[in-house]
Amino acid sequence: MNKEINVRSTMDNLDTVLGFIEGNLEMAECPMKIAMKIAVCVEELYVNVVNYAYDGQEGACRIEFRFEENTPNKAVITIVDQGKPFNPLEKEDPNTTLDAEERDIGGLGIFMVKNIMDTIIYERKEEKNIIIMEKSW
C-alpha cells in the first residue's frame, strides 16, 4: 500500500501531516507506543523542512507512506522537499554525556530520529531533498 500527501511547508499543516501518518500506522496495525515514536520523528523532520528548507518562505513538501502487506510490521516513510540542499544526517551527534547547559544548541531532534528509526537515509535527487525512514515492529 502506497499513499502520499502534498502540503505547503507551514506549521499550519503539521496536524495534517501527523494525522496522515498516524492514520496509516493505525491501518498497518502498528502498536501505539511505536506509532507515537514514529510520529515524533516525522514531526521533527517536517518542522526542519518548515524552518530551514525554504529560507523562511513557503514551499512544497510531500510525505509518502508505504506499508507492504507481504512485509508485515514495517513502515517506510519518505519526506521530500525542493528546498536548499541539506543532509540532516551529516550533523554531528550531540555529546549527551555533557550537562544540558554545556551542550551546543540544536541537534537533539535529529539524534533522536537516528536512534528511534531502524533506517534513515538522505538523498539529493533532481533538486530535491529526500529522507527515507524505516521502522519495523
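**A buried asparagine, an enclosed cavity and a one-sided helix**

In this predicted model, Asn129 has a relative accessible area of 4%, and because values under 20% count as buried, this residue is classed as buried. Asn129 belongs to strand β5, which spans residues 128-136. Two polar partners of its side chain can be named: a polar atom of that side chain lies 2.8 Å from the backbone oxygen of Lys84, and a polar contact of 3.1 Å links the side chain of Asn129 with that of Arg124. When neighbours within four places in sequence are set aside, the residues in contact with Asn129 are Ile79, Val80, Asp81, Gly83, Lys84, Pro85 and Phe86, together with Tyr122, Glu123 and Arg124.

The chain as a whole contains three helices and five strands, which follow one another along the sequence in the pattern β-α-α-β-β-α-β-β. Of its 137 residues, 41% count as buried. Among the contacts in the chain with a separation of 6 or more, 64% are made by residues 24 or more positions apart.

Attention may next be turned to the space enclosed by the protein. Rolling a probe the size of a water molecule over the atoms reveals where empty space remains. One cavity of 30 Å³ or more was counted, and the largest cavity holds about 160 Å³ of space. This largest cavity is lined by 14 residues, of which Asn48, Val49, Asp81, Phe86 and Pro88 are the closest to its centre. Two or more lining residues are given by each of α2 (32-53), β3 (74-81) and β5, and the most come from α2, which gives five residues. By class, ten of the residues in the lining of the largest cavity are nonpolar, while two are polar and two are charged. Asp81 and Phe86, which are among the residues closest to the centre of the largest cavity, also appear among the contacts of Asn129.

Helix α3, formed by residues 108-116, has Gly109, Ile110, Val113 and Ile116 as buried residues. Seen down the axis of α3, these buried residues fall within an arc of 130 degrees, and they therefore line one face of the helix. The elements that cover the buried residues of α3 include α2, β4 (119-125) and β5. Strand β5 thus recurs in this description, since it holds Asn129, gives two or more residues to the lining of the largest cavity and takes part in covering the buried residues of α3.

How values were computed: Residues numbered from 1 in each chain as written. Predicted model: local features only at pLDDT ≥ 70, side-chain atom pairs only at ≥ 80, totals over all residues. Heavy atoms only, no water. Helix = DSSP H or I, 4+ residues; strand = E, 2+ residues; numbered from the N terminus. Buried < 20%, exposed > 50% of the residue type's maximum accessible area, 1.4 Å probe, protein only. Polar contact = N/O pair within 3.5 Å; in protein donor to acceptor, adjacent residues only side chain to side chain. Contact = heavy atoms within 4.5 Å. 1 Å grid on protein atoms, 1.4 Å probe; cavity = no way out; pocket = protein on both sides within 12 Å on 5 of 7 lines; lining within 4 Å. Points joined across faces, edges and corners; volume = space filled by probe spheres on them. Nonpolar A, V, L, I, M, F, W, Y, C, P; charged D, E, K, R; others polar. Arc of directions from axis to C-beta.
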